[in-house]
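Hi there,

Here is the structure I promised to send over. Have a look at it first, and then read on for my notes.

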Amino acid sequence: MACRKHILVFCGLLLLASCSAKPKQDYDISYDFSVLKTFNQLIIKQTDDPLTADRISHNIKQTLQNQGYDFNADNADFLVSYAFFTEDEQKNSGLSIGLGSGSWGSGGGVSLGTSLGIPLGSDTAKMQTIQIDIIDPADNRLIWRGNGQYNFDQGGEAKANSINETVVAILAQFPPKK
């Protein structure tokens, strides 16, 4: 009986862990990232959200400097560019299904239940995806790309913190570990 409870708890934790969105990366597997010491940022084209663009740019520069890279506008080992987009995503419907087990007397049992929540407010949430590109300036070639997402309902300090956390999480994967 105790084993069954442990299995149910483990399955629940596994399901919960699989729901979290982790930043993703891709990179040139033949590139020697150990030679990179200095960087410069490319200016992105016009955007309809300059506050977010400024926050992302600032956080990229700060994060790379915290990782030990030096900003050098004149002779950089790598260039950094980024893009972002916002989309509406359906919120959770409020429908949930639960599975549980228990014992009583000399027997045991399994139960299945559902609940239906009543949605309050909007049925969509804003999701923002940030993509960061690392480019070799010698041949203007993409050598690393990372992206991550966060959701927000409003701007201001909460959004600024989410941008910072997302940029830090993306760049935590740079340089890639073989």
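Let me start with a loop residue: asparagine 140 is exposed, because its relative accessible area of 60% lies over the 50% cut-off. Asparagine 140 sits in the loop between E7 and E8. Its backbone deserves a look as well, since asparagine 140 has a positive phi of about 55 degrees although it is not a glycine. Please keep in mind throughout that this is a predicted model.

Now for the overall layout. The protein has three helices and eight strands, and along the sequence they follow the pattern α-β-β-α-β-β-β-β-β-β-α. Of its 178 residues, 30% count as buried. If you take the contacts with a separation of 6 or more, 71% of them are between residues 24 or more positions apart.

Salt bridges

How many salt bridges does the structure hold? There are five, and here are some notes on them.

On either side of the asparagine 140 you have just met, aspartate 139 and arginine 141 bring their side chains together in a salt bridge, at 3.1 Å from N to O. Both partners are partly exposed: aspartate 139 has a relative accessibility of 44%, and arginine 141 has 31%. Salt bridges with shared partners join Asp28, Asp139 and Arg141 into one network.

Another salt bridge pairs aspartate 133 with arginine 145, with the closest N and O atoms 2.6 Å apart. Aspartate 133 lies in strand E7 and arginine 145 in strand E8 (residues 141-152), so this pair ties together parts that are twelve residues apart in sequence. Is each partner buried or exposed? Aspartate 133 counts as buried, at 11% relative accessibility, while arginine 145 counts as partly exposed, at 32%.

Strand E7 comes up again in the salt bridge between lysine 126 and aspartate 88, where the closest N and O atoms are 3.0 Å apart. Lysine 126 belongs to strand E7 (residues 124-136) and aspartate 88 to strand E4 (residues 78-90), so the pair ties together parts that are 38 residues apart in sequence. From C-alpha to C-alpha, aspartate 88 and lysine 126 are 4.8 Å apart in space. Lysine 126 is partly exposed, with a relative accessible area of 35%. Not counting residues up to four places away in sequence, aspartate 88 touches Thr124, Ala125 and Lys126.

The nonpolar core

Which residues have the most contacts inside the largest nonpolar core? They are Ile60, Leu64, Phe78, Ile130, Ile132 and Phe174, in a core of 25 residues. Helix H2 (50-66), E4, E7, E8 and helix H3 (157-171) each supply at least two residues of this core.

Phenylalanine 78 makes a good place to zoom in. Leaving aside residues up to four places away in sequence, phenylalanine 78 touches Leu36, Thr38, Phe39, Asn40, Leu64, Tyr69, Ile134, Ile135, Pro137 and Phe174. Two of these names, Leu64 and Phe174, are also among the residues with the most contacts inside the core.

Phenylalanine 174 has something else to show you: a cis peptide bond joins it to proline 175, with omega at about -5 degrees. Proline 175 is found in the segment after H3.

How H2 and H3 meet

The axes of H2 and H3 come within 9 Å and cross at roughly 40 degrees. That angle makes H2 oblique to H3, and H2 passes H3 in a right-handed crossing. On the H2 side, the residues that meet H3 are Thr52, Arg55, Ile56, Asn59, Ile60, Thr63 and Leu64. On the H3 side, the residues are Lys159, Ala160, Ile163, Asn164, Val167, Val168 and Leu171. Ile60 and Leu64 therefore turn up both at this meeting of helices and among the residues with the most contacts inside the core.

One more residue of helix H2 is leucine 51. Is leucine 51 buried or exposed? It is exposed, with a relative accessible area of 57%. Leucine 51 and glycine 155 are 104 residues apart in sequence, yet 9.5 Å apart in space from C-alpha to C-alpha.

Happy browsing, and best wishes!

Conventions:
Residues are numbered from 1 along each chain as its sequence is written. This is a predicted model: local features need pLDDT of at least 70, side-chain atom pairs count only at pLDDT 80 or more; totals for chains, interfaces and linings use all residues. Side-chain values use heavy atoms; hydrogens and water are left out. A salt bridge is a side-chain nitrogen of Lys or Arg within 4 Å of a carboxyl oxygen of Asp or Glu. Helices (H or I, at least four residues) and strands (E, at least two) are DSSP runs, numbered from the N terminus. Buried means under 20% relative accessible area, exposed over 50%, partly exposed in between (1.4 Å probe, protein chains only). A nonpolar core is a set of buried Ala, Val, Leu, Ile, Met, Phe, Trp, Tyr and Cys residues joined through side-chain atoms within 4.5 Å. Contact means heavy atoms within 4.5 Å. Axes are lines fitted to C-alpha atoms, for helices over the stretch in contact, and angles run from 0 to 180 degrees between N-to-C directions. Angles under 35 degrees count as roughly parallel, over 145 as roughly antiparallel, 65 to 115 as roughly perpendicular and the rest as oblique. A crossing is left-handed if the near helix is turned anticlockwise from the far one by less than a right angle, and right-handed if clockwise.
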